[in-house]
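Reader: I am new to this structure and would be grateful for a guided description. Please begin with the whole and then look closely at a single part.

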Amino acid sequence: MRIIGAKDYDDMCRKTAHLLSAQVILKPNSVLGLMAGSTPLGVYKLLVEWYTEGDIDFSETVTINLDEYVGLAPDDPQSYRHYMENNFFRRVNIKPENTHLPYGFATDKAEECNRYEAVIRKYQGIDVQLLGIGHNGHIGFNEPGTLFEKNTHFVRLAESTIRDNSRFFESESDVPRFAYTMGIRTIMQARNIVLIASGVGKSSILKDAFTGPITPLVPASVLQLHNNVILVGDEEALSKLV
Ligand code: GLP
């Protein structure tokens, strides 16, 4: 694993946006694995700026997101599809048909998971997967205890995730209880992984994930087994690691 230290949140976003933009410049038809959450917001903002200035072209790029809530329509302001449209897709020249997220309203859950895995296969896998980390060590919505061999699957969210994510909803009871997520196996098949983290709140879990035992109890710890992981963290997030 390589660790890239950043001064603060803005610096972390800049460094991450540079990595993603280099990927797209080197391989315009890259398959980017993207994510929602508060951490990547500044990354998307920069990529949009650089696109607007003519520095990056997403016309051939494909994106495949990590996860989506179950039971929220794509245009629901809390859905990850809406987040991605609002913060990134609609603001750059990516083709709508090249953007992929699980469909939160699918009637057949198993079929939706298979469809999603087939999408990833169709593009011959993910070139760079962007990841965050939950306070409980989750990646995507792979909560503590998830088997490492899972592909895309339907999950019940952990109580701690529901609490954490309630800040985006009017009340905790509005947070969906279920989601689709790429599984650990799906994530581990990405050719490169960039995990981003900011703030002192993530420092303990980063230490557990990258220096502790590899265990399903800390899902992100599996990344110790991946050959091409870059951790981009700001000083606070990395304070217990370096
Ligand atoms: C959600 C997402 C995760 C993400 C996590 C971190 O739970 N499903 O993929 O890693 O949020 O969120 P934040 O960046 O807001 O801390």
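How many helices and how many strands does the chain have? After that, I should like a close look at the aromatic pair of Tyr69 and Phe141: which parts of the chain does it tie together?

Author: The model discussed here is predicted. Its chain has eight helices and 10 strands. For 242 residues, a compact globule would have a radius of gyration near 18 Å, and the 17 Å found for the chain agrees with this. Along the principal axes, the C-alpha atoms fill a box of roughly 45 × 40 × 35 Å.

Within this chain, 55% of the 242 residues count as buried. The accessible surface comes to about 10,900 Å², and carbon and sulfur atoms account for 51% of that area. Residues distant in sequence often meet: of the contacts between residues at least 6 apart, 78% join residues at least 24 apart.

The pair you ask about belongs to a wider set, for a search of the whole structure finds 11 aromatic pairs. Tyr69 and Phe141 form a tilted one, with 5.6 Å from centre to centre and 45° between the planes. Tyr69 lies in strand β4 (residues 67-69), whereas Phe141 lies in the loop between β6 (128-131) and β7 (153-156), so the pair ties together parts that are 72 residues apart in sequence. Both Tyr69 and Phe141 are buried.

Strand β4 also leads to helix α3 (residues 80-87), because β4 is among the elements that cover the buried residues of that helix. Those buried residues are Tyr80, Arg81, His82, Tyr83 and Met84. Their cover also includes the strands β2 (31-34), β3 (62-65) and β5 (99-100), together with the helices α2 (41-52) and α5 (159-165). One of the buried residues of α3, Tyr83, takes part in an aromatic cluster with Tyr44, Phe58, Phe88 and Phe89.

Strand β6, which bounds the loop of Phe141, also bounds another loop, the one between α4 (109-122) and β6, and Gln124 is found there. Gln124 has a positive phi of about 60° although it is not a glycine. In contrast to the buried Tyr69 and Phe141, Gln124 is exposed, with a relative accessible area of 62%.

To return to your question, the tilted pair joins strand β4 to the loop between β6 and β7, and both of its residues are buried.

How values were computed:
Residues numbered from 1 in each chain as written. Predicted model: local features only at pLDDT ≥ 70, side-chain atom pairs only at ≥ 80, totals over all residues. Heavy atoms only, no water. Helix = DSSP H or I, 4+ residues; strand = E, 2+ residues; numbered from the N terminus. Rg over C-alpha atoms; globule rule 2.2 N^0.38 Å. Buried < 20%, exposed > 50% of the residue type's maximum accessible area, 1.4 Å probe, protein only. Contact = heavy atoms within 4.5 Å. Areas by Shrake-Rupley, 256 points an atom, 1.4 Å probe, with all protein chains shown as cover. Phe/Tyr/Trp six-rings, centres within 6.5 Å; stacked < 30°, edge-to-face > 60°.
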